[in-house]
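Good morning, colleagues. I would ask you to keep the sequence and the structure in view while I speak.

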Amino acid sequence: QVQLQESGPGLVKRSQTLSLTCTVSGGSITTNLYYWSWIRQPPGKGLEWMGTIAYSGVTYYSPSFKSRTSISRDTSKNQFTLQLSSVTPEDTAVYYCARDKTVVAGTGADWGQGTQVTVSS
């Protein structure tokens, strides 16, 4: 059974770049037809899909985040990473990584437990 674990700083200063890593166990991030996503949930709001890296390494980004987001992977470590630049307090959220068979993770996805990120002003 695949497991996903987010890691990264819990507190980031305004204008800095947030970097989060998702470590995957129980399955390879290069396995055909799986997509690996970053999703966040700001306080009091719904889930926001940020972007996805496919098993092939192709990336997809939400238009809302495309200008500030980069997703990459390290296949030797079975990890994929989110970088979000120029953060503001509005980027405070719980950040999740997920695996699904679609570009945008749905209800059938496997999720990490989430990590709280707070952006200080």
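I shall speak about the core, the disulfide, one strand with its partners, and one tyrosine.

Please bear in mind that this is a predicted model.

Let me begin with the core. In general, nonpolar side chains tend to be buried together in soluble globular proteins. Here, the largest nonpolar core has 24 residues, and those touching the most other members are Leu4, Leu18, Val24, Trp36, Trp38, Phe80 and Tyr95. At least two residues of this core come from each of several strands, among them strand 3 (18–25), strand 4 (35–41) and strand 9 (93–100). Strand 3 gives the largest share, namely four residues.

I turn now to the disulfide. How many disulfides does the structure hold? It holds one. The partners are Cys22 and Cys97, whose sulfur atoms lie 2.1 Å apart. Cys22 belongs to strand 3 and Cys97 to strand 9; with their positions 75 residues apart, the pair links distant parts of the chain. The link of Cys22 and Cys97 is right-handed, with 65° about the S-S bond. Are these cysteines buried or exposed? Cys22 counts as buried because its relative accessibility is 0%, under the cut-off of 20%. Cys97 is likewise buried, its relative accessible area being 0%.

Next, consider strand 4. Six of its seven residues are buried, so that strand 4 is mostly covered. Which strands does it pair with? Strand 5 is one partner, antiparallel to strand 4 over six bridges. In that pairing, Trp38 stands opposite Gly51 of strand 5. Six residues lie between the strands of this hairpin, where Gly44 takes a positive phi near 75°. Strand 9 is also joined to strand 4, through seven bridges and again in an antiparallel arrangement. Here Trp36 faces Arg99, standing opposite that residue of strand 9.

Finally, I should like to examine Tyr61, which is located in strand 6 (residues 59–61). Why does Tyr61 count as partly exposed? Its relative accessibility is 21%, and buried would require a value under 20%, whereas exposed would require one over 50%. Beyond its neighbours within four places in sequence, Tyr61 is in contact with Trp49, Met50, Gly51, Lys66, Thr69, Ser70 and Ile71. With Ile71 there is a further detail: a polar atom of the Tyr61 side chain lies 2.8 Å from the backbone nitrogen of Ile71. By C-alpha positions, Tyr61 is 18 Å from Val94, and the two are 33 residues apart in sequence.

Thank you for your attention.

How values were computed. Residues are numbered from 1 along each chain as its sequence is written. This is a predicted model: local features need pLDDT of at least 70, side-chain atom pairs count only at pLDDT 80 or more; totals for chains, interfaces and linings use all residues. Side-chain values use heavy atoms; hydrogens and water are left out. A nonpolar core is a set of buried Ala, Val, Leu, Ile, Met, Phe, Trp, Tyr and Cys residues joined through side-chain atoms within 4.5 Å. Buried means under 20% relative accessible area, exposed over 50%, partly exposed in between (1.4 Å probe, protein chains only). Contact means heavy atoms within 4.5 Å. A polar contact is a pair of N or O atoms within 3.5 Å; within protein, one must be able to donate a hydrogen and the other to accept it, and residues adjacent in sequence count only if both atoms are side-chain atoms. A disulfide is a pair of cysteine sulfur atoms within 2.5 Å. Two strands pair if DSSP finds at least two bridges between them.
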